[in-house]
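Let's take a walk through a protein together. Have the sequence and the 3D view open, and follow along as we go.

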Amino acid sequence: MFKTILPLAFVCLAFSVVNFSQAQEVQIELGADEIGLNETFTIKVTLSNDKIKSYDQFPEITGFQKQGISQSSSMNIINGQMSTSNSIIQYYKPLRKGQFTLGAFSILINGESFDSPGKRITVTDPVSTGGFGGNQSDPFSDFFGRVTEEPEYIELDDDAFFSVSVDKKEIFAGEGFNLNVAFYMSEQNQAPFKFYEAGRQLDAILKKLKPNSVWEENFNITTIEPEVVTINDKKWIRYKVYEASFFPFSEGVIEIPQVPWEMIKYRVAKNPTLFGANRLEDFKTFYSNPQTITVKPLPPHPLKNEVSVGVFQLRENIGNLEVETGQGFEYNFGVTGVGNINSISPPKRMTGANLNTFDPNIRQQINRGYGRVSGIKEFNYYITINEAGNYELDDYFQWIYFDPVRAVYDTLLPSAKIVVSGESKVNQALSGQRLGGIYDRIGAESNQFLNEQYKYYFTTVINLLLLGAVALLAVLIIKKK
């Protein structure tokens, strides 16, 4: 009978001539009320006439430990009508004898919630099953009316590891280091894995991994994508879950602790069947290695606490330029390279006559990739020169930084030269400036001399008041004596 129905089922699936007449149903089946300490309790969810695309976590039971999840599907054809069912089972292992309560719970299946009232479970002494009996048989054993033994699952050896790595062990204050969090599997790995609540786990471990007093440049990984890398002449598949560059503000020691990472690792059936549960969901926890980064102080320098740290170059937008006196022009001083682009400050403006500048417009672009932070920060100046002559801009602008590769301070100086011709505009520039204060009132005030007679009367009144005060003081002193 089984040999006849099975080919017929495949033909019906291949040509899609089956009409699903039964409505979708979800049934939650709870295990036995009483089990032995050596048996397992199960919660089985069966979905009719549809696939189980997603499901919520099964409830915890006090006194029990979750053992894993298995899945199965079945199909029946009766009078030309095909019905299917898909099931998942959560296994629970009792930890001790006693009475336990599985409270009422809800579980999401394909985004829809289904309720169960729960039940009371009694765990007794271990029972003798004799190879069958108890609830040691497969909950899916009643398939096409036949009974099978519970499948035996085995755990395959894995060739995988979890890593929190840094690209530098020793840096200068202000210099960046790259931190990478990833799961690795070799190309020869046979053990099946699946990520388990990656977002929740990542939030938890980042609270431990992120150092204090640093500037963070997050690479913003939104999807976990496999990429092939070579480590010690061996190819691995890397699944990167987080990457960032950190720039410490001060010297000291940064400790990156060991953190756990949990993966779903499936145990596979020793004797796989066509429709049976051929793998059992289980968990394995991996641990990263701790890391230590030493942050060294910058060498002595008057601007030690102000300079940027990195490998930088200057990018200008002009070379030689000819202008008329008083004619404005734009000059772009751009700092490009690898380092903390956000921390780059404007170049130092050195004092010099005849060259006038205003506060620059600032634009920056930051690139995060290939394990580093790079980019450009541009300072766009508007400049006027009021006296004819030849001007080299390195006399007016400079930008000092620290190069951690060469371990030296360096200065970026402009190479642009400006040739200015025409009449002097210095006096026009002064007359055009608003001097403020008393100069703003010159045009509004009268140029007539004040009447000195009023000044005489005012002085006389003041003197009389002073004389009266002295006389009164003398009288008071005499009375007191």
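Here is a short tour of confidence, one small sheet and one pocket.

**How far to trust it**

First things first: this is a predicted model. The mean pLDDT of the protein is 82, and 79% of its residues reach 70 or more. Where is confidence lowest, and where is it highest? The low point is helix 1 (residues 2-15), with a mean of 38, while strand 12 (residues 170-172) comes out on top at 97. Over residues 1-23 the pLDDT is below 50, and beyond near neighbours in sequence this stretch has 25 contacts in the model. Residues 130-148 also stay under 50, and there the model has 35 contacts beyond four places in sequence.

**A sheet of three strands**

Now find strand 32, which covers residues 417-421. It belongs to an open sheet of three strands, in the order 23-32-29, with mixed pairing. The edge strands are strand 23 and strand 29, each of which pairs on one side only. From one strand to the next, the twist averages 20°.

Here is how the two neighbours line up with strand 32:

| Neighbour of strand 32 | Residues | Bridges | Direction |
|---|---|---|---|
| Strand 23 | 320-324 | Five bridges | Parallel |
| Strand 29 | 389-392 | Four bridges | Antiparallel |

You can pick out single bridge partners too. On the strand 23 side, V323 is partnered with V420, and E324 with S421. On the strand 29 side, Y391 has I418 as its bridge partner.

Which residues of strand 32 sit on its covered face, and which on its uncovered one? I418 and V420 are on the covered face, whereas K417, V419 and S421 are on the uncovered one. Why do the two sets take turns along the chain? Because in a regular strand the side chains alternate between the two faces of the sheet.

**A pocket to look into**

Finally, turn to the second largest pocket, which holds about 510 Å³ of space. How many residues line this pocket? There are 21 of them, and Y55, Q57, I69, Y196 and E281 lie nearest its centre. Several strands chip in: strand 4 (64-78), strand 5 (81-94), strand 14 (193-195) and strand 20 (279-287) each supply at least two residues of the lining. Strand 4 gives the most, with four residues.

Notes:
Residues are numbered from 1 along each chain as its sequence is written. This is a predicted model: local features need pLDDT of at least 70, side-chain atom pairs count only at pLDDT 80 or more; totals for chains, interfaces and linings use all residues. Side-chain values use heavy atoms; hydrogens and water are left out. Buried means under 20% relative accessible area, exposed over 50%, partly exposed in between (1.4 Å probe, protein chains only). Two strands pair if DSSP finds at least two bridges between them. Axes are lines fitted to C-alpha atoms, for helices over the stretch in contact, and angles run from 0 to 180 degrees between N-to-C directions. pLDDT is the predictor's confidence in each residue, from 0 to 100. Contact means heavy atoms within 4.5 Å. On a 1 Å grid over the protein atoms alone, a cavity is a set of points where a 1.4 Å probe fits but cannot get out, and a pocket is an open set with protein on both sides within 12 Å along at least five of seven lines; lining residues have an atom within 4 Å of a point. Grid points are joined across faces, edges and corners, and a volume is the space filled by probe spheres set on the points.
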